[in-house]
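Biologist: Before we talk, could you put the model on the screen, so that I can ask how each label is earned?

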Amino acid sequence: MARRRRRKFMRVSAEFKEAAGNGFRYLFTRALLIALLAGVFWYGGTRVEAYIQESSYFKVKEVQVLLCFDRSENVRWPREAVDKTVAVFVEDLQTLVRRTYKERIGDLNLASLRADFLKQHPAVKNAKLQKRLPDTLVLEVWPRTAVAHVDLGNLYPVDREGYLLPIVQDPRDQDLPVVLGVKGPSKPRAGAQIKSRALDRSLSLLEQAREVAVLKDYEVVSVDVHRLNNASLTLDTGLEIRIGRESLEEKSGDLEVVLSNLQDQEVLPQYVDLRFDDAVVGLR
């Protein structure tokens, strides 16, 4: 009986040793294979990195700029203005890239480049910079668009959010209304936002004037907000519309009736005052 148990024990021990040996060989084989693959990848990676560093294939060769506009702004830029703006942005971004002293597209810090670009161009509302391998940078730009000139001693273009834009040409060459009666900083600078109830009111009136159907055949040439209770618009016909704190949208029906009657009577009014329940007309 004891001899039989010993033989059984020896047989089990042999089987265990064989299984352990097989397991060790399996693990060793796996470890060796992993080490070989790691070596291949390491060697291949260093060769690829060396190729990228030495090759001109991954050096920045092209900069593309796309101008983007929000649909709500309904902006139409002349083709000449678009081409000129894109050319300036391309040149400036190329200059910023050169200042990094980095040629490979993979080494460029896009966040830093974007920040420097926005700092250099206060007339830009937002920008998105991307890499397009192997050698191209793509810059999407949302420029601020002037909707009026605000009189701050000189005429400064201003966008719909109240940001001052650079003076790029004679204001008389731009077909934009002039906002009067806004108090701004003593030294206006491009990129600064004017926080003023008077400017907010004037920009709101201009937005309403673009929306109401009764004024679709007219152009607003100026907005006077020296006193908010007496805020007024002046049209290209010379007609002054006194609106005060009233909503031009809500008063557009009254204005339409008045303008229609005056046209039928062939009368040239000096002003239409919409601040009362019944519109008041002042003749020349």
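Biologist: Why is Arg227 called exposed?

Modeller: This is a predicted model, and in it Arg227 has a relative accessible area of 57%. Exposed means over 50%, so with 57% Arg227 earns that label. Arg227 sits in the loop between β7 (220-224) and β8 (232-235).

Biologist: How far is Arg227 from Arg245, in sequence and in space?

Modeller: The two are 18 residues apart in sequence, and their C-alpha atoms are 9.9 Å apart in space.

Biologist: What makes Glu161 and Arg144 a salt bridge?

Modeller: The rule asks for a side-chain nitrogen of Lys or Arg within 4 Å of a carboxyl oxygen of Asp or Glu. The closest N and O atoms of Glu161 and Arg144 are 3.1 Å apart, and therefore the pair meets the rule. Glu161 lies in the loop between β5 (155-158) and β6 (178-180), while Arg144 lies in the loop between β3 (136-143) and β4 (148-151), so the salt bridge ties together parts that are 17 residues apart in sequence. Arg144, Asp159 and Glu161 are also linked in a network of salt bridges.

Biologist: Why do Glu161 and Arg144 get the labels they have, buried or partly exposed?

Modeller: Buried means under 20% relative accessible area, and partly exposed is the range between that and 50%. Arg144 has 11%, so Arg144 is buried, whereas Glu161 has 39% and is therefore partly exposed.

Biologist: How do you know that Glu207 and Arg160 also form a salt bridge?

Modeller: Their side chains meet at 4.0 Å, N to O, and the rule accepts pairs within 4 Å, so this pair is counted as a salt bridge. The pair links distant parts of the chain, with Glu207 in helix α4 (residues 197-211) and Arg160 in the loop between β5 and β6, 47 residues apart. Glu207 has 26% relative accessibility and counts as partly exposed, and Arg160, at 35%, also counts as partly exposed.

Biologist: What is the N to O distance in the salt bridge of Arg242 and Glu240, and how many salt bridges does the rule give?

Modeller: The side chains of Arg242 and Glu240 meet at 3.4 Å, N to O, and by this rule the count comes to 9 salt bridges. Arg242 is partly exposed at 24% relative accessibility, and Glu240 is partly exposed at 21%.

Biologist: What makes the approach of Ser252 to Glu249 a polar contact?

Modeller: The side chain of Ser252 reaches the backbone oxygen of Glu249 at 2.8 Å, and the cut-off for such a pair of N or O atoms is 3.5 Å, so the distance is within the limit. Ser252 lies in helix α5 (residues 248-264), and, leaving aside residues up to four places away in sequence, Ser252 touches Val212 and Val214.

Biologist: Which element gives the most to the lining of the second largest pocket, and how do the lining residues divide by class?

Modeller: Helix α5 gives the most, with 3 residues, and by class the lining has 7 nonpolar, 2 polar and 2 charged residues. Among the lining residues are Tyr218, Leu259, Glu266 and Arg284, and about 230 Å³ of space lies in this pocket.

Biologist: How many helices and strands does the chain have, and what share of its residues counts as buried?

Modeller: The chain has 5 helices and 11 strands, and 33% of its 284 residues count as buried.

Technical notes
Residues numbered from 1 in each chain as written. Predicted model: local features only at pLDDT ≥ 70, side-chain atom pairs only at ≥ 80, totals over all residues. Heavy atoms only, no water. Helix = DSSP H or I, 4+ residues; strand = E, 2+ residues; numbered from the N terminus. Buried < 20%, exposed > 50% of the residue type's maximum accessible area, 1.4 Å probe, protein only. Polar contact = N/O pair within 3.5 Å; in protein donor to acceptor, adjacent residues only side chain to side chain. Contact = heavy atoms within 4.5 Å. 1 Å grid on protein atoms, 1.4 Å probe; cavity = no way out; pocket = protein on both sides within 12 Å on 5 of 7 lines; lining within 4 Å. Points joined across faces, edges and corners; volume = space filled by probe spheres on them. Nonpolar A, V, L, I, M, F, W, Y, C, P; charged D, E, K, R; others polar.
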